[in-house]
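Hi everyone, thanks for coming. I'd like to walk you through one protein today, so have a look at the sequence and the model first.

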Amino acid sequence: MAYNNIVIDTKGAVGIIRLDRPKALNALCAELFIELADALDKFEADEAIGAVVLTGSDKAFAAGADILEMQPKTYMDVYKTNFLCNESERLATFRKPVIAAVAGYALGGGCEIAMMCDFILAADNAQFGQPEIKLGTIPGLGGTQRLTRAVGKSKAMEMCLTGRMMGAEEAERAGLVSRIVPLADLMDEAVKVAGEIAKLSQPIVMMCKESVNKAYETTLREGIMFERRVFHSTFSTEDQKEGMSAFAEKRSPNFKNR
Ligand code: CO8
């Protein structure tokens, strides 16, 4: 598929997806979501890719869903087509790790797709927000749910009800982002972290991601049981044998993704 709204690249075992609609601050149109899903399919199928970085430009990760595309739509248009839902869900179901490298605006759907990633590295100029309320609508790609789980009810409620933006420092304090990086270093740092993850055992990394994600979906008791079963199952893999042998033998592990 030829892409009009994203650019993909690889650096070693890291897949990079750059949102690229500069004239609209990377507003997320339906075509962009189709392309994003296609790129994710490719990276998921590619055994040589161990982790993905999703990014935008220095000015905007993404300033939300495309308001001009949504503006003429009726309820029946969006309901019957499940507007933007199927393709955008692809990011949430992607099995390899995805790091959001966010600079500039991550608003509305932009904030929501950043939160679908496994963690967010923020440039010092990053701005997060759910401004849909100012457009007479509400977040529709998980913002009211994921933001509330990430930063707690009070801050999420304030942001969703007022549409105010949160800067990088506040986002880090609130637990929305894992770390802040100077803007000039953002991509190098994101690719470096993704590269470190990509050196590990891919199946074990996927199991670890599944297990952390389980914490969002279930009770503590069930989550702990899930983790325990997955922990035990890692002992059936060659990579667990290799990882522990390498430690005992004081050498670097050579994971085979088995
Ligand atoms: N959609 C379409 N175009 C946009 C968007 C957008 N979300 N954001 C910016 N643009 C366009 C502008 O129209 C402008 O185009 P043009 O040059 O042709 O006039 C260009 O990008 C540059 O924007 P500005 O001139 O406004 O740039 P500023 O630096 O002055 O302002 C802002 C930057 C503050 C980010 C401003 O552009 C803004 O407020 N944008 C809209 C932010 C917003 O409201 N986002 C939420 C959108 S709704 C949403 O995301 C819902 C997601 C859920 C979908 C659920 C489906 C199931």
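**A walk through the model**

Let's begin at the end of helix H12, where the next residue is Lys250, with a positive phi near 55°. A quick word on the naming: helices (H or I, at least four residues) and strands (E, at least two) are DSSP runs, numbered from the N terminus.

Before going on, some ground rules. This is a predicted model, so local features need pLDDT of at least 70 and side-chain atom pairs count only at pLDDT 80 or more, while totals for chains, interfaces and linings use all residues. Residues are numbered from 1 along each chain as its sequence is written, and side-chain values use heavy atoms, with hydrogens and water left out.

Okay, back to H12, which covers residues 238-248. Which of its residues are buried? They are Asp239, Gln240, Glu242 and Ala246. Buried here means under 20% relative accessible area, exposed means over 50%, and partly exposed is in between (1.4 Å probe, protein chains only). Looking down the axis of H12, you find its buried residues within an arc of 165°, so they line one face of the helix. That arc is taken from the directions from the helix axis to the C-beta atoms. If you're wondering about the spacing, an α-helix has 3.6 residues a turn, so residues three or four places apart point the same way. And what do the buried residues of H12 pack against? Helix H10 (202-217) and helix H11 (220-234). Contact, by the way, means heavy atoms within 4.5 Å.

Now let's zoom out. The protein has 12 helices and 10 strands. Its radius of gyration is 19 Å, close to the 18 Å that the globule rule gives for 258 residues, so the protein is as compact as a globular protein of that length. For that, the radius is taken over C-alpha atoms, and the rule is 2.2 Å times the number of residues to the power 0.38. Along the principal axes, the C-alpha atoms fill a box of roughly 60 × 45 × 40 Å.

Of the 258 residues, 44% are buried. On the outside, the protein exposes about 13600 Å², and carbon and sulfur atoms supply 56% of that; these areas come from the Shrake-Rupley method with a 1.4 Å probe, and for residues only the protein chains shown count as cover. Take the contacts between residues at least 6 apart in sequence: 68% of them join residues at least 24 apart.

There are two domains to point out: domain 1 (6-198) and domain 2 (201-249). Those bounds come from an automatic or database domain assignment. Their centres, taken over C-alpha atoms, are separated by 27 Å. The contact takes 11 residues from domain 1 and 7 residues from domain 2.

Next, helix H5, residues 109-116. Here 8 of the 8 residues are buried, so H5 is largely enclosed by the rest of the structure. Among them are Gly109, Cys111 and Met116.

That brings us to the cysteines. How many disulfides does the structure hold? It holds 0. A disulfide is a covalent bond between the sulfur atoms of two cysteines, and the cut-off used here is a pair of cysteine sulfur atoms within 2.5 Å. Why doesn't Cys111 form a bond with Cys160? The sulfur of Cys160 is the closest cysteine sulfur to that of Cys111, but at 8.5 Å it is too far for a bond. Cys117 is in no disulfide either, with the nearest cysteine sulfur, that of Cys111, 11 Å away. Both cysteines are tucked in: Cys111 is buried at a relative accessible area of 1%, and Cys117 is buried at 7%.

Last stop, a couple of loops. Is Lys59 buried or exposed? Lys59 is exposed, with a relative accessible area of 53%, and it lies in the loop between strand E3 (51-55) and strand E4 (60-62). Leaving aside neighbours within four places in sequence, Lys59 is in contact with Leu25, Ala103, Gly104 and Tyr105.

Let's follow that contact to Leu25, in the loop between strand E2 (14-19) and helix H1 (30-45). Leu25 is partly exposed, at 27% relative accessibility, and its phi is positive, near 50°. Asn26 is in the loop between E2 and H1 too, and has a positive phi near 60°. Asn26, though, is buried, with a relative accessible area of 2%.

That's my tour, thanks for listening!
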